[in-house]
Amino acid sequence: MEIAVIGNQEFILGFRLAGIRKTYPVESDETLVAHINRVLEDPAVGILVLQSGDLKKIPRRLQMTLEESVKPTVITIGAEEGGLSMRERIKRSVGVDLWK
Amino acid sequence: MALRDIKPTRSELINLKKRIALSERGYKILKMKRDGLILEFFKVLEQAKDTRGDLNERYESAQAMMAVANTVEGAIGVKAAAFSVQQEPDIKVASKNIMGVVVPEIESSKVRKGLNERGYGILGTTSVIDETALSFEELVEAIIRSAEIETTMKKLLDEIESTKRRVNALEFKVIPELTEARDFIKMRLDEMEREELFRLKKIKARNV
């Protein structure tokens, strides 16, 4: 399985340096959504890496899909928001805010 | 089950008692499963926090290295090096079972590469490029680790949620309704018995 990276030019450049081929540059919000949909449909991708800033730009529905998705697993990196969706889920399932 | 749908017969009572016993047994087992899942979840949670912190740290250092590389080599130089990297990291996904929840076990290989395996010329680039590549390779490793753990966590949370819902449905809906029906039938049967007794007494009194 492969790793896919979606983000701006600078973000994906580093991942190319680490040898990842499936990197998709984002120029506008529309291309961002198109790229995400393409990666979600790609059966070879096991992990999708996103910038946490980009997550706010996509429609709410797609955000939910990404948060729930197990294959591919979506990892957002960047600012602290990374654990936020997880925090919500823990609160909902366990009933206590354990992510601190 | 509404109370008016229940036929107050002895066989119905026996059936209900059986159903109550079954529900209670199921309830106990599900409760144990829920507790077990939550214990597992706590273990994973600690790991998840660690890997998240690790991931953010590595991301920051990788970004910093990238900035240095851009300054030293120029954007074009970095790009040229990046596009010549050929070997792709390979990940394999196996699965393991935690209390009936199938979670992935991700194994990675070929993420870290030696100097001469990266594909760009060693003479044409400075060591800054090598260090940047290394820091990004470490970042990818951290991403793979955290992907495994976060997927495990998501799946465990899903299972906890559904188990919790089942436990609550049994505790607050199914079992109370069944016991209510049982009590109703008992009450009706007792009432009918008393009526019968009274009727007999009346008939006896008339005959005497």
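Q: How many bridges join β1(A) and β2(A), which pair in the parallel sense?
A: This is a predicted model, where local features need pLDDT of at least 70, side-chain atom pairs count only at pLDDT 80 or more, and totals for chains, interfaces and linings use all residues. Strands here are DSSP runs of E with at least two residues, and helices are runs of H or I with at least four, numbered from the N terminus. Two strands pair if DSSP finds at least two bridges between them. For β1(A) and β2(A), the number of bridges is four.

Q: Which residue in β2(A) is the bridge partner of Ile6(A)?
A: Residues are numbered from 1 along each chain as its sequence is written. With that in hand, look in β2(A): the partner of Ile6(A) is Tyr24(A).

Q: Which strands are at the edges of the open sheet in chain A?
A: The sheet has four strands in the order β2-β1-β3-β4, with parallel pairing. An edge strand pairs on one side only, and here those are β2 (22–25) and β4 of chain A.

Q: Which element gives the most residues to the largest nonpolar core?
A: A nonpolar core is a set of buried (under 20% relative accessible area, 1.4 Å probe, protein chains only) Ala, Val, Leu, Ile, Met, Phe, Trp, Tyr and Cys residues joined through side-chain atoms within 4.5 Å. This one has 37 residues, and Phe15(A) and Leu139(B) are among those touching the most other members. Elements giving two or more residues include β3 (45–51) of chain A and α1 (10–84) of chain B. With ten residues, the top contributor is α2(B).

Terms used: Chains are lettered from A and ligands numbered from 1 in the order in which they are written. Side-chain values use heavy atoms; hydrogens and water are left out. Buried means under 20% relative accessible area, exposed over 50%, partly exposed in between (1.4 Å probe, protein chains only).
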